[in-house]
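Trainee: Could you walk me through this one, going from the backbone to the ligand site?

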Amino acid sequence: MKLVKTLDGSYTVYSEFAKENYHSVSGALDEAFQKHVNAVGVEDGFCILDFCFGLGYNSIASTMGNHNLEIIGLESDLEVLQVMQTLPVPEVINSEYSFFRKIAERLKISDENNNTIKLIIGDALQNIDDLPEDYFHRVFFDPFSPQKQPQMWSAEIFQKVYDKMRRGGKLSTYSCAKWIRQNMKIAGFTVLNGPVVGRKSPATIGLKP
Ligand SMILES: C[S@@+](CC[C@H](N)C(=O)[O-])C[C@H]1O[C@@H](n2cnc3c(N)ncnc32)[C@H](O)[C@@H]1O
């Protein structure tokens, strides 16, 4: 996999399959913090679903300064998890990232603050069915773009994700496309503008009322 340096100094990867980068070139790690973790807020003890785990930036950013998180990551590509083992990361997450580098080998890893990441390898569209209902406080929803993977952004999938979330739970995603927001509404989400990061349009937050 080809590493691509982004403008905040963190690396993303280019996917040959999707023919696109995993993150915006304006800043991969910046995206994790601003579009996901800070946009929805994370507190000690939260259960988090990282839908399309990739390099794990969203999960690992969420562990910073937090304790007792239970994170479940869905990912289909073992190769990207191998990339994590040697990925150069910015100093700010170096210590935290080092706990989780070997996740491809063990699939369930904890850090010194009792934050746990468990990975479920395979098709997220199938594996979502095995997760408990009304469980997650936060969802980082981060598939490839709607143009490349429209099946990930359907009302049916948003409905499945919604059902796994607790009342008051929040989902973050980078797209603000009208039809995607409409699919989120069909599933029951209250749809809000997320932050504007690295481009003109806002990200999206879905709230389960
Ligand atoms: C945009 S990248 C995610 C970036 C990631 N959140 C990060 O911080 O690096 C999309 C990810 O979804 C994964 N993916 C694509 N289709 C999938 C599927 N059907 N089930 C699970 N993961 C999938 C890809 O392998 C890729 O790692």
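**Loops, strands and the ligand**

Trainee: Between which two elements does I128 lie?
Mentor: I128 lies in a loop that has α6 (124–127) on one side and β8 (136–141) on the other. Helices (H or I, at least four residues) and strands (E, at least two) are DSSP runs, numbered from the N terminus. Keep in mind that this is a predicted model, where local features need pLDDT of at least 70, side-chain atom pairs count only at pLDDT 80 or more, and totals for chains, interfaces and linings use all residues. So the elements asked for are α6 and β8.

Trainee: Is I128 buried or exposed?
Mentor: Residues are numbered from 1 along each chain as its sequence is written, and side-chain values use heavy atoms, with hydrogens and water left out. Buried means under 20% relative accessible area, exposed over 50%, and partly exposed in between (1.4 Å probe, protein chains only). I128 has 0% relative accessibility, so I128 counts as buried.

Trainee: And how far is I128 from A104, C-alpha to C-alpha?
Mentor: Along the chain, I128 and A104 are 24 residues apart. In space, their C-alpha atoms are separated by 19 Å.

Trainee: What about A61 and V92, how far apart are their C-alpha atoms?
Mentor: A61 is found in helix α2 and, with a relative accessible area of 2%, is buried. A61 and V92 are 31 residues apart in sequence. C-alpha to C-alpha, the distance is 9.7 Å.

Trainee: Where is C52, and what is its phi?
Mentor: C52 belongs to the loop between β4 (47–51) and α2 (57–63). At 16% relative accessibility, C52 counts as buried. Its phi is positive although C52 is a residue other than glycine, with a value near 90 degrees.

Trainee: Then what is the phi of N68?
Mentor: N68 lies in the loop between α2 and β5 (70–75). N68 has a relative accessible area of 43%, so N68 is partly exposed. Here too a residue other than glycine has a positive phi, near 60 degrees.

Trainee: Which backbone nitrogen lies 3.3 Å from a polar atom of the side chain of S15?
Mentor: S15 is found in strand β2 (residues 11–15), and at 5% relative accessible area S15 is buried. A polar contact is a pair of N or O atoms within 3.5 Å; within protein, one must be able to donate a hydrogen and the other to accept it, and residues adjacent in sequence count only if both atoms are side-chain atoms. The backbone nitrogen at 3.3 Å from the S15 side chain is that of F17.

Trainee: On to the ligand: which residues come nearest?
Mentor: There are 20 residues around the ligand, a residue being near if one of its heavy atoms lies within 4 Å. The nearest are L55, E75, D123, A124 and D142.

Trainee: How much of the ligand's area does the protein bury?
Mentor: A side-chain N or O atom of D123 is 2.8 Å from a ligand nitrogen, while the side chain of H23 has an N or O atom 3.2 Å from a ligand oxygen. A124 uses a backbone N or O atom, 2.8 Å from a nitrogen of the ligand. Taken alone the ligand exposes 600 Å² (Shrake-Rupley method, 1.4 Å probe). Of that, the protein buries 95%.
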